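Some questions follow on how this chain is put together. Each answer works towards a name or a value.

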Amino acid sequence: MASAPLNSRSSWRSLKAPVLSGLAASFVLHAAMLIALSLIVFESHLGPLHTIVDSIFSEDRTVEEFHHEVEPSTETSETVNYVAGALESGGVSIGGSEGPVIAQKQLDEAPSLQQPTVQLNIGEFNVPGLQVISKDLGATQVTGDSGRVVEGYGAALGQMTLELIRMMREQKVLVVWLFDESESMQDDQQEIRERFYKIYEEVGRAQQVDAKLKPSEETLLSSVMSFGKDVHELTPKPTANTEEIKSAIDAIEIDKSGIENMCGSIQAALVKYKDFARRQKRKLVFIVVSDESGDDGNQVEDVIDACKKAKASVYVLGHYSVFGYPIAHVSWIDPKYRLKHWIPVNRGPETPEPECLQFDGLHDRWDVFSSGFGPYEQVRLAKQTGGIFFILPGHEDNLAGYGSHEDRKYDLLGMKEYLPDLDSRQAYIKNRSEHRFREAQWQVVQALNPHRDSKLMMKSHWYSGDPSTFEKEAVRTFEQAVRALMMLNDQVRILDSVKKLRDKESSARWRVNFDLMHAQCLAYRVRLFQLLLSIDQHRKSRPTPKDPRNNCWSIQYVHTLLEPDKEQVKETRVDLEELKKQDAVARNEFESVVRNHPGTPWARRAQWELGQGFGVKFVEDFRSPYYDHITAGQLPKQ
């Protein structure tokens with residue numbers, strides 16, 4: 001059916017209010033689409049629909065299960081094979097307000113690399129033995145490392161051993177282990193406990209061959225603390241006895257509060273041990289073991305200052321942050337009903353503030369795609385205090401959501417263009433506000449944040465199988481979708497207003513942020529419009545589940561766009577042909593991200609969006625009635 005094009009403002013504005021009221025009422029009440037029914041009861045709160053339909057597609061624009069096997073070896077080592085620190089190698093460090101200026105093209109596309117004129121014959125490369133390493137490194141030679149990728153705790157502890165030996169050659173050392181008390185860390189704690197002795201055996205071996213390491217003076221002492229909402233000291237005093245340390249790790253209890261005050265735990269450990277370390281002239285070292293970024297990240301600058309004053313270094317054994325998002329989800333099966341739940345945990349973002357959309361088109365994000373970097377607070381804390389953030393890239397069995405079973409590593413060379421800003425939040429915000437292109441993106445992120453605006457949380461699962469109850473639930477979803485469409489229109493206009501500044505932007509990170517965000521806003525408009533059509537058609541057809549065991553309906557994303565029926569086309573002047581055009585515009589922009597930024601989290605997210613499709617349909621589903629018996633208070637806090 002021919003119709004006025006969606007990108008024509010005049011044609012959309014020509015729609016009359018009575019016509020639109022009929023359309024709106026049909027969606028909300030799920031009654032007939034024809035104006036003749038004269039459903040005027042909901043006219044007042046559905047009036048804005050003509051504004052949405054008027055402008056939804058009116059802007060002029062240019063179309064532009066993995067498993068990680070832990071190293072089984074229990075032998076102490078005399079050599080260590082390093083994996084290059086995450087984007088620290090080659091003298092390039094993460095941080096600063098701008099980051100290094102690197103050509104936009106990938107390094108492997110450079111002509112000089114494609115047609116090399118020099119050939120190198122490199123002989124066998126052997127990692128030096130412990131005797132050599134212990135003599136070559138001095139305490140002042142190593143600065144903070146923003147991220148060092150290691151294959152599991154065994155490798156991390158092996159590198160930590162060399163760090164301790166390096167410091168012990170200059171002075172005695174006090175190590176304070178700080179363990180996260182969340183339930184999800186129990187397996188990690190046991191793995192560290194079993195490998196813990198290797199540090200002390202390798203230190204003992206080093207003491208035998210290095211005259212500067214004096215075993216008679218208890219050169220290395222350790223203490224164990226754990227933290228959740230509160231901090232608990234598990235060793236009465238610093239000790240060199242490995243059995244006491246193992247017993248302390250076994251004594252760690254699960255904190256049920258769901259709060260992880262990482263910064264507070266370091267502050268408490270400083271108060272407890274800084275004077276002890278000063279009196280004994282010991283280097284104070286904190287090793288934080290946690291799979292979360294913590295709940296008190298606003299205190300990170302205070303902790304950094306305090307650690308610098310005490311000359312204490314912080315090392316972190318952690319995981320990749322979620323790409324541009326502060327929350328990950330871990331799965332939990334309740335022991336009584338054996339039902340699966342998703343428990344939110346803090347795991348990012350990789351930057352001082354989120355730079356990506358927090359909105360997933362209908363609600364908050366449920367994915368856990370890797371950013372390729374560690375959480376901002378932990379990485380900054382390690383770097384600024386002269387420590388190392390050890391990234392543990394292995395598969396996490398309890399992670400839930402899209403991307404949870406993927407290899408979470410990215411090629412380090414390919415990611416050098418996209419380094420996150422590790423400056424202080426205050427400096428980061430100031431720098432961002434001085435760049436109109438960046439500040440516009442932040443405005444969009446803020447406006448479309450479901451955690452700030454609950455009306456952006458639309459229902460996508462478990463609509464009632466009862467038609468009358470379904471209509472009541474769908475009325476609310478419709479109203480939310482109408483509002484979200486209006487907001488998306490506004491955000492597209494904001495992004496389009498700064499599009500001319502894109503090519504002047506020095507940061508590849510901010511450029512690709514813009515590209516992905518713009519494509520998402522266009523795609524989500526199509527999806528929400530499809531949702532309105534789907535709600536109306538579902539109401540009119542009143543289907544029943546084919547499987548008698550199913551008792552509800554859920555929204556599913558599909559590639560096939562739902563075709564508006566004759567009445568819907570008449571009311572909206574939007575036909576399937578026009579929807580396909582808008583779908584194609586969004587797809588072209590996503591494909592551009594994939595093509596121009598391969599091997600990056602942005603490309604991965606764009607590829608996933610393409611795989612989901614922008615169409616919407618209701619599919620029959622089953623919801624266990626036992627979910628009603630589980631209260632929020634029974635859910636565990638991770």
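Q: Over how many bridges do β7 and β10 pair in the antiparallel sense?
A: This is a predicted model. In it, Val330 stands opposite Leu399 of β10. The pairing of β7 with β10 is antiparallel, and the bridges number two.

Q: Over how many bridges do β7 and β8 pair?
A: Strand β7 covers residues 327-333. Ile333 stands opposite Lys340 in β8. The two strands run in the antiparallel sense, and their bridges number seven.

Q: In what order do the three strands of the open sheet lie?
A: β8 (340-346) and β10 (399-400) are the edge strands, each pairing on one side only. The pairing in this sheet is antiparallel. The order is β8-β7-β10.

Q: Which residue takes a positive phi in the hairpin of β7 and β8?
A: The hairpin has six residues between its strands. One residue there has a phi near 60°. That residue is Arg338.

Q: How many residues of β7 are buried?
A: Buried means under 20% relative accessible area. Strand β7 is mostly covered. Of its seven residues, the buried ones number five.

Q: Which helix gives the most residues to the largest nonpolar core?
A: This core holds 69 residues, and those touching the most other members are Leu448, Cys521, Leu528, Leu531, Ile555, Phe590 and Trp602. Elements that each supply at least two residues include α15 (467-497), α16 (508-541), α18 (576-596) and β12 (552-558). With 18 residues, the top contributor is α16.

Q: How many residues are in the second, separate core?
A: Nonpolar side chains in soluble globular proteins tend to be buried together. Here a second core stands apart, and it includes Ala206, Ile287, Leu317 and Phe390. Its residues number 33.

Q: Which residues form one aromatic cluster with Trp602?
A: Leaving out residues up to four places away in sequence, Trp602 touches Phe323, Cys356, Tyr418, Arg509, Val512, Asn513, Leu516 and Val593. Among these contacts, Cys356 is buried at 8% relative accessible area. The aromatic partners in the cluster are Phe323 and Tyr418.

Q: Is the aromatic pair of Phe437 and Phe514 stacked, edge-to-face or tilted?
A: The search of the whole structure finds 14 aromatic pairs. In this one, the ring centres are 5.1 Å apart and the planes meet at 35°. Planes under 30 degrees apart count as stacked and those over 60 as edge-to-face. The angle falls in neither class, so the pair is tilted.

Q: How many residues apart in sequence are the parts tied together by Phe437 and Phe514?
A: Phe437 is buried at 3% relative accessibility, and Phe514 is buried at 1%. Phe437 sits in helix α14 and Phe514 in helix α16, so their pair ties together parts of the chain. The separation in sequence is 77 residues.

Q: What kind of aromatic pair do Phe470 and Phe618 form?
A: Their centres are 5.3 Å apart, with 70° between the planes. Phe470 lies in helix α15 and Phe618 in strand β13, so the pair ties together parts that are 148 residues apart in sequence. Phe470 is buried at 3% relative accessibility, and Phe618 is buried at 11%. The pair is edge-to-face.

Q: How far is the nearest cysteine sulfur from that of Cys307?
A: The count of disulfides in the model is zero. The cut-off for a disulfide is sulfur atoms within 2.5 Å. Cys307 is buried at 0% relative accessibility. Its nearest cysteine sulfur belongs to Cys263, and the distance is 9.3 Å.

Q: What separates the C-alpha atoms of Gly387 and Val285?
A: Gly387 is in the loop between α12 (376-384) and β9 (388-391). Gly387 is buried, with a relative accessible area of 0%. Val285 is 102 residues away along the chain, yet the C-alpha separation is 8.5 Å.

Q: What percentage of the protein's residues are buried?
A: The secondary structure comes to 19 helices and 13 strands. The protein exposes about 28,000 Å², with carbon and sulfur atoms supplying 50% of that area. Of the 638 residues, the buried share is 55%.

Terms used:
Residues are numbered from 1 along each chain as its sequence is written. This is a predicted model: local features need pLDDT of at least 70, side-chain atom pairs count only at pLDDT 80 or more; totals for chains, interfaces and linings use all residues. Side-chain values use heavy atoms; hydrogens and water are left out. Helices (H or I, at least four residues) and strands (E, at least two) are DSSP runs, numbered from the N terminus. Buried means under 20% relative accessible area, exposed over 50%, partly exposed in between (1.4 Å probe, protein chains only). Accessible areas come from the Shrake-Rupley method with a 1.4 Å probe; for residues, only the protein chains shown count as cover. A nonpolar core is a set of buried Ala, Val, Leu, Ile, Met, Phe, Trp, Tyr and Cys residues joined through side-chain atoms within 4.5 Å. Contact means heavy atoms within 4.5 Å. Two strands pair if DSSP finds at least two bridges between them. Rings of Phe, Tyr and Trp (its six-membered ring) pair if their centres lie within 6.5 Å; planes under 30 degrees apart count as stacked, over 60 as edge-to-face and the rest as tilted.
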